[in-house]
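The following exchange examines how terms are applied to the structure shown below.

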Amino acid sequence: MLDYVTSYLHSSLTPGQAGNWLWALVYILVIFAGVSGIVIVMNWGERKALAHMQVRLGPMRVGPHGLMQPIADAIKLLTKEDIMPSEADKPIFWLAPVWVVMIAFSVFIVVPFGPTHAVTDMNIGILFMLGVSSLGVLGIVMAGWASNSHFPLMGALRSSAQMVSYEIAMGLAVVSAIVMTGLGGIGPYGIGSGAGSGTLSMIGIVQAQAQQHVWFIFKFFPVGLVAFFIFAVAMIAETNRAPFDLPEAESELVAGFHTEYSGLRWSLFMLGEYAGMVAVSSIAITLWLGGWLRPFPSTHGPAINIPFLWEHPEQGVVDFAFSFAPALVMLALAFFSFFNAMRMPKHPLLKIQTIGLYAFGLVLAGVGLILLAPPVRDRIQDIFWFVFKIACFMYLYIWYRATWPRYRFDQLMKVGWKVLLPLGLGVLLVTGIIGLGPEIAAWLKGVV
Amino acid sequence: MPQNYVPIFLFVAVVAIAIPATLMIGKLVRPNNPEKAKLMPYECGIDPVDNARGRYTVRFYIVAILFVVFDVETIFLFPWAVQYRALGLFGLVEMLVFLAILIVGYVWIWKKGALEWV
């Protein structure tokens, strides 16, 4: 038994590939906890960031700067009455939120947080991801249909039409990234030569970016950038976020497909939505933003060797500098926390909150110090860069919501079918033609 | 390899246990006193007007049909994208022919007005 547990530790494969189901289960539970953690942070962060963008303060009462607000909300939702309308289709009404959460989380099976940090790696990884994430529509349609009420049905119909329309543009953008994985050349304009084969495996896609020394967003600039832009627009529409949040348009449809849901079931929909946001962001990161690779992954600088601090002779001074990034981010957050604790008004009623904020800063600083230790520091790099990119995407989601007004339904359909679809086809063709540049040039020479 | 796919079932099993378990635990703490007005479909406070599952615009069906056509097209592009270098110029031309046929259809539905949402 112990052998079974420890035998995986020296493996260079994901647990799924190594056939170690116990470690696969551990990875699954860690991902579950991690994504739920991101959802909790988003719950607080979104309200806080939105509030500050609108010159408000946001949650301030529950804990210092409202830090305990997500926990208070969770308790409220847990103790709230769960209403199931008498006319609802009971089994489907029950299944819909479970389905939404299940689909949103299932995508994470193939997300590579590092070269070995994925539950499993399949040779059809990206197809699996696209296929599973499009099943989310079913949950929304089930919720709308089972509620047997006007607003949810309208919301579900709108939602399914919208998700289905943007999926095509999304798929075309993904195909153009897959084409890039097969090219052997190095650098943004490296066209390469000889027969190589592309890959659909998520880990393989990131490794292709490492081999070509370029993130695919900069490949054949601006072709990769346009493909990424198409995907970025489509992924907001897929997750029903502002400015494409028509299924939940409060001013027209009350709450869209989850009007009839309350309490814990409603919170499952929210969990599914936020987990879905993280999931599509991680697809975008894997395909275009280099997955777990740090910025400038092929710049190493002169090699150095510092006893006890840096013992990787194959890596250079730039790697050494970048390896402190996780600790520095945590310490910066800790400093921010301390700074704001010092700025708290000196009022006896706020004493507990001030102490709480100091304690929070202390925890963050502790985590930062742990991340400074060389064994931890070297192992956390891949995961840190992936999570950092996810965090950037999450902030962008909030920013979009604060900035842009909601689209009208006909405008939404027009953007999906008449702008993004032709653009996606065009990007695909241009990628194909540039990638085969040498062959086309040779053929033209033969003709002329 | 087939064993790469086993974690999918593991994952589904974890979710299928964890989420209903949460709902069950919630049942122990939350109040439950239903009444007739509370269980009515929500329609801004008034009694619901006729059946919710009535007729809705045919546009949704058109979008669904177009989706099937174009999504299948995208799926056909994936094998080509993987073997792109190996197939070379021949594969590119084949793909262009395939896309050209679909683009003709796309232009036709555009002109026909199927993409308009009136």
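Q: Where is Pro222(A) found?

A: Pro222(A) is found in the loop between α9 (202-211) and α10 (223-238) of chain A, where helices (H or I, at least four residues) and strands (E, at least two) are DSSP runs numbered from the N terminus. The peptide bond that leads from Phe221(A) to Pro222(A) is cis, with omega near 5°.

Q: What conventions apply to the model?

A: This is a predicted model, in which local features need pLDDT of at least 70 and side-chain atom pairs count only at pLDDT 80 or more, while totals for chains, interfaces and linings use all residues. Residues are numbered from 1 along each chain as its sequence is written, chains are lettered from A and ligands numbered from 1 in the order in which they are written, and side-chain values use heavy atoms, with hydrogens and water left out.

Q: What is notable about the phi of Asn148(A), and where does Asn148(A) lie?

A: Asn148(A) is not a glycine, yet its phi is positive, about 55°. Asn148(A) lies in the loop between α7 and α8 (150-181) of chain A.

Q: Why is the pair Asp82(A) and Arg265(A) called a salt bridge?

A: A salt bridge requires a side-chain nitrogen of Lys or Arg within 4 Å of a carboxyl oxygen of Asp or Glu. The N to O distance between the side chains of Asp82(A) and Arg265(A) is 2.7 Å, so the pair meets the criterion. This pair links distant parts of the chain, 183 residues apart: Asp82(A) is in the loop between α4 and α5 of chain A, and Arg265(A) is in helix α12 of chain A. Over all chains, the structure holds 12 salt bridges.

Q: What makes Arg30(B) and Asp82(A) a salt bridge?

A: Their side chains meet at 3.7 Å, N to O, and the pair therefore satisfies the rule. Across the interface of chain B and chain A the rule finds 3 salt bridges. On the side of chain B that touches chain A, α1 (6-29), α2 (59-82) and α3 (84-112) of chain B each supply at least two residues. That side divides into 46 nonpolar, 10 polar and 9 charged residues, where Ala, Val, Leu, Ile, Met, Phe, Trp, Tyr, Cys and Pro count as nonpolar, Asp, Glu, Lys and Arg as charged, and the others, Gly among them, as polar.

Q: How many residues does each chain bring to the contact, and what area is buried?

A: With contact meaning heavy atoms within 4.5 Å, chain B contributes 65 residues and chain A 94 residues. The buried area, which is the accessible area (1.4 Å probe) that two parts lose on being put together, summed over both, is about 7100 Å², and carbon and sulfur atoms give 75% of it. Phe11(B), Arg53(B) and Arg85(B) supply 13% of the area that chain B buries against chain A, more than any other three residues.

Q: Why do Arg408(A) and Asp410(A) count as a polar contact?

A: A polar contact is a pair of N or O atoms within 3.5 Å; within protein, one must be able to donate a hydrogen and the other to accept it, and residues adjacent in sequence count only if both atoms are side-chain atoms. The side chains of Arg408(A) and Asp410(A) are joined at 2.9 Å, so the distance falls inside the cut-off. Arg408(A) is placed in the loop between α16 (374-403) and α17 of chain A. The C-alpha atoms of Arg408(A) and Phe244(A), 164 residues apart along the chain, are separated by 8.7 Å.

Q: What makes an empty space a cavity, and how many cavities of 30 Å³ or more does the structure hold?

A: On a 1 Å grid over the protein atoms alone, a cavity is a set of points where a 1.4 Å probe fits but cannot get out, whereas a pocket is an open set with protein on both sides within 12 Å along at least five of seven lines; lining residues have an atom within 4 Å of a point. Grid points are joined across faces, edges and corners, and a volume is the space filled by probe spheres set on the points. The structure holds 2 cavities of 30 Å³ or more. The largest has a volume of about 330 Å³. α12(A) gives the most to its lining, with 7 residues.

Q: Which residues line the second largest cavity?

A: Met413(A), Trp417(A), Arg59(B), Ile62(B), Val63(B), Ala114(B), Leu115(B), Glu116(B) and Trp117(B) line this cavity, whose volume is about 50 Å³.
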